[in-house]
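The exercises below ask the reader to work from the coordinates to a reasoned statement about charges, packing and cysteines. Each task is followed by a solution that goes step by step.

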Amino acid sequence: GAAPSQVDPAPQATGSGSSAEAMCIDSGAGEQGVVAEVQAPQLLVQALAHALDDGGDESYEVEVAALDAIAALGHLHEGALLILRHQQLAASMMQRALGRSSSPEVRLAALHAAASVTGLERAGEWSDWRAALLPAAAEEAVRQGVYSAATSSSTTRSPGELISGLLQSPFPETRTATYRFCAAMALRAWFAAEVCRHEGLMSQLLDAKSESGHELCQWRFSVLTSLLSTCKAASKGDLGSEEEVHKEVLLGALTRLEVAVQGGPYGLSAGVLHDTHLVATMPR
């Protein structure tokens with residue numbers, strides 16, 4: 001089986017500091033309370049969708065608060081389904097993570113929210129792709145959201161190009177959030193194949209010296225363990241029939257990923273596994 005990831009427990013999404021609890025609806029008491037309790041999830045999703053409506057005039061602080069609430073809900077299976085069943089909300093989240101975004105704070109919150117919804121916490125440190133994945137309709141909403149974001153600008157870009165671009169950010173917070181998103185998404189065969197097809201992105205992910213500092217090195221490594229988990233699933237014939245089209249690409253990356261994961265978050269040098277990064281103080 002795949003070696004356990006050496007990734008620290010996932011840090012919580014950072015944004016405005018708002019939480020899902022702050023947006024919850026008081027169900028009251030008695031018969032009215034029962035009705036409100038049944039309606040509360042739908043009302044919450046509608047409120048979140050309104051906050052992220054491109055046609056509205058909400059401030060970026062409101063958008064960040066809504067995305068923080070999505071992140072808090074999304075790490076639970078039922079919470080993720082609730083969000084992804086709302087087509088507009090799912091699309092708005094992915095658009096802000098990968099496409100157009102009103103501010104760096106909104107993009108950061110959206111990347112963390114999308115990582116949560118797509119199963120980063122559910123997969124755990126073992127990168128369990130079965131635990132991360134959702135029913136087919138929800139997974140299709142994820143896929144459509146990613147490809148819609150990729151075609152939202154005048155120039156169509158592949159998901160690999162989107163991720164590669166985000167990882168060029170000079171801001172470590174953005175790169176950390178991007179790695180978190182990619183670690184969750186790479187548990188899906190189609191997304192893992194998109195990453196593997198982008199040689200520039202793969203070279204950066206496989207290079208232990210591409211990042212400096214403990215947290216960024218750990219999150220880069222978490223993407224590798226997710227990719228390896230998916231590629232091993234392909235090698236064992238565990239992919240669904242509709243995912244077989246990605247098998248050749250995934251198998252082609254398997255050996256490179258195995259070597260990189262064996263090297264740990266900080267890489268191998270002369271056969272020695274490093275516990276600390278050799279370029280931790282190297283300026284970017």
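## Exercise 1: Salt bridges across the chain

Glutamate 121 is partly exposed, with a relative accessible area of 29%, and the structure to be examined is a predicted model. Determine with which residue glutamate 121 forms a salt bridge, and establish whether that partner is buried or exposed.

Step 1. The partner is arginine 180, and the closest N and O atoms of the two side chains are 3.2 Å apart, which falls inside the limit of 4 Å used for a salt bridge.

Step 2. The pair links distant parts of the chain, since glutamate 121 belongs to helix α6 (residues 120-123) and arginine 180 to helix α10 (residues 172-185), 59 residues apart.

Step 3. Arginine 180 has a relative accessible area of 1% and is buried, whereas glutamate 121, at 29%, is partly exposed.

Now extend the search to the whole structure: how many salt bridges does it find, and which residue pairs with arginine 188?

Step 4. The search of the whole structure finds eight salt bridges.

Step 5. Arginine 188 pairs with glutamate 139, with the closest N and O atoms 2.7 Å apart; this pair too links distant parts of the chain, as arginine 188 lies in the loop between α10 and α11 (189-197) and glutamate 139 in helix α8 (residues 136-150), 49 residues apart. Both arginine 188 and glutamate 139 are buried.

Step 6. A further salt bridge joins the side chains of arginine 175 and glutamate 211 at 2.9 Å, N to O; here helix α10 supplies arginine 175, while glutamate 211 sits in the loop between α12 (199-206) and α13, 36 residues away along the chain. Both arginine 175 and glutamate 211 are buried.

Step 7. Salt bridges also link Asp54, Glu63 and Arg96 in a network.

## Exercise 2: A buried arginine

Find where arginine 220 is located, and decide which side chain of opposite charge is nearest to it.

Step 1. Arginine 220 is part of helix α13 (residues 214-235).

Step 2. The nearest side chain of opposite charge is that of aspartate 207, at 6.9 Å. A salt bridge requires the nitrogen and the oxygen to be within 4 Å, and arginine 220, although buried, has no salt bridge.

Step 3. Beyond four places in sequence, the residues touched by arginine 220 include Tyr179, Gln204, Asp207, Glu211, Gly264 and Pro265. Glu211 is thus among the contacts of arginine 220, while the side chain of glutamate 211 meets arginine 175 in a salt bridge.

## Exercise 3: The nonpolar core and its helices

Which residues touch the most other members of the largest nonpolar core, and which helix gives the largest share of this core?

Step 1. The core has 84 residues, of which Ile70, Leu98, Phe181 and Leu227 touch the most other members. The largest share, 10 residues, comes from α13.

Step 2. For leucine 98, the contacts beyond four places in sequence include Val146, Leu162, Ile163, Leu166 and Phe181.

Step 3. Leu162, Ile163 and Leu166 are among the buried residues of α9, and helix α9 (residues 159-166) is mostly covered, with six of its eight residues buried. The cover of these buried residues includes α4 (87-98), α5 (104-117), α8, α10, α11 and α12.

Step 4. Leucine 257, in helix α14 (residues 247-262), is buried at 0% relative accessibility. Outside its sequence neighbours, leucine 257 is in contact with Met202, Leu206, Leu224, Leu227, Leu228 and Cys231.

## Exercise 4: Cysteines and confidence

Count the disulfides, and explain why cysteine 182 does not bond to the closest cysteine sulfur.

Step 1. The count comes to zero disulfides. The closest cysteine sulfur to that of cysteine 182 belongs to cysteine 196 and is 9.6 Å away, so the two are too far apart for a bond.

Step 2. Cysteine 182 is buried at 1% relative accessibility, and cysteine 217 is buried at 0%.

Where, finally, is the pLDDT below 50?

Step 3. The protein averages a pLDDT of 84, and 80% of the residues score at least 70. Over residues 1-29 the pLDDT is below 50, and this stretch has 61 contacts in the model beyond near neighbours in sequence. The pLDDT is also below 50 over residues 276-284, a stretch with 16 such contacts.

Technical notes: Residues numbered from 1 in each chain as written. Heavy atoms only, no water. Helix = DSSP H or I, 4+ residues; strand = E, 2+ residues; numbered from the N terminus. Buried < 20%, exposed > 50% of the residue type's maximum accessible area, 1.4 Å probe, protein only. Lys, Arg positive; Asp, Glu negative; His and termini not counted. Contact = heavy atoms within 4.5 Å. Core = buried A, V, L, I, M, F, W, Y, C linked by side-chain atoms within 4.5 Å. pLDDT = per-residue confidence, 0-100. Disulfide = S-S within 2.5 Å.
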